[in-house]
Amino acid sequence: MKIMNKKGFTLVELLAVLVILGILVTIAVPAATSVSDKAKTKMLKTKTKLAMQGAILYLQDNKSEFTSQTNLNNCTTNNNVVTCQMTFLKLADLGQLDYDYTDDNGVKHIQNPVDKTNMDNAYIIVTYNKLNRSVDSLDACYSAGKSILFDNNSSSKKC
């Protein structure tokens with residue numbers, strides 16, 4: 001009885017493996033991209049919530065900022081409630097938020113993890129109630145008045 005010494009795979013076997021791998025890749029790549037996009041969006045919302053908490057903590061310790069408005073922009077007063085904007089870049093300058101990168105000119109920036117654009121001018125809307133002396137944060141706004149945390153149909157957004 002003669003036993004054949006078979007080394008390697010036949011062409012049909014190799015093609016079958018390649019077809020199976022191709023099918024697996026076409027299923028896995030879109031799923032991985034979707035997971036990556038969701039993670040970037042969650043990272044943006046987490047960064048924004050940290051910025052909001054940082055603004056509240058800083059302004060609770062420095063309530064005089066609402067009268068001097070040194071680190072605040074676009075302040076309005078209505079019925080003993082002062083509403084102001086505090087930019088992400090100012091929060092980073094105050095140590096309440098981390099910078100993401102430094103450009104070629106040595107300027108530090110905060111980056112949107114979703115689309116890699118600068119978020120330096122994104123801002124937190126903060127309020128100070130003069131009667132009960134409380135600081136609150138309402139929303140985080142980015143790129144032409146769009147809310148980061150709320151969708152455009154949400155009644156909670158203030159941008």
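Two cysteines count as a disulfide when their sulfur atoms lie within 2.5 Å. In this predicted model, C141 and C159 pass that test, with their sulfurs 1.9 Å apart. The torsion about the S-S bond is -95°, and the link of C141 and C159 is left-handed. This pair ties together distant parts of the chain: C141 sits in strand β6 (residues 134-142), while C159 belongs to the segment after β7 (146-147), 18 residues apart. As for cover, C141 is buried, with just 1% relative accessible area, whereas C159 comes out as partly exposed at 29%.

That link has company, since the structure holds two disulfides. The other one joins C75 to C84, with an S to S distance of 2.0 Å. Here the torsion about the S-S bond is about 120°, so the C75 and C84 disulfide is right-handed. C75 is partly exposed at 23% relative accessibility, and C84 is buried at 1%. Counting bonded cysteines along the chain, the pattern reads 1-2, 3-4.

Zooming out to the whole fold, the chain has three helices and seven strands. Read from the N terminus, the elements go α-α-β-β-α-β-β-β-β-β. The overall dimensions are worth a look too. A compact globule of 159 residues would come in with a radius of gyration near 15 Å, but this chain has 26 Å. Along the principal axes, the C-alpha atoms fill a box of roughly 100 × 40 × 25 Å. Buried residues account for 28% of the 159 in the chain.

Next, helix α1, which covers residues 11-61 and includes L18. L18 has a relative accessible area of 56%, and the cut-off for exposed is over 50%, so L18 counts as exposed. L18 also helps to make a nonpolar surface patch of about 710 Å², together with L11, L15, V17, I20, L21 and L24.

Helix α1 also supplies one partner of a charged contact. Side chains of opposite charge can pair when their charged atoms come close. The structure holds one salt bridge, and K47 forms it with D100, the closest N and O atoms being 2.4 Å apart. Again, distant parts of the chain are linked: K47 is in helix α1, and D100 is in the loop between α3 (88-93) and β3 (101-102), 53 residues apart. What about the cover of the two partners, K47 and D100? K47 has 14% relative accessibility and the buried class takes anything under 20%, so K47 is buried. D100, at 37%, is partly exposed.

Aromatic contacts make a short list, as the count comes to one pair. The ring centres of F66 and Y128 are 5.0 Å apart and the planes meet at 15°; planes under 30 degrees apart count as stacked, so this pair is stacked. F66 lies in helix α2 (residues 65-68) and Y128 in strand β5 (residues 123-129), so the pair links distant parts of the chain, 62 residues apart. Both F66 and Y128 are buried.

Key: Residues numbered from 1 in each chain as written. Predicted model: local features only at pLDDT ≥ 70, side-chain atom pairs only at ≥ 80, totals over all residues. Heavy atoms only, no water. Phe/Tyr/Trp six-rings, centres within 6.5 Å; stacked < 30°, edge-to-face > 60°. Helix = DSSP H or I, 4+ residues; strand = E, 2+ residues; numbered from the N terminus. Buried < 20%, exposed > 50% of the residue type's maximum accessible area, 1.4 Å probe, protein only. Patch = residues over 30% accessible without salt bridge, like charges linked within 9 Å, V, L, I, M, F, W, Y side chains within 5 Å. Areas by Shrake-Rupley, 256 points an atom, 1.4 Å probe, with all protein chains shown as cover. Salt bridge = Lys/Arg side-chain N within 4 Å of Asp/Glu carboxyl O. Rg over C-alpha atoms; globule rule 2.2 N^0.38 Å.
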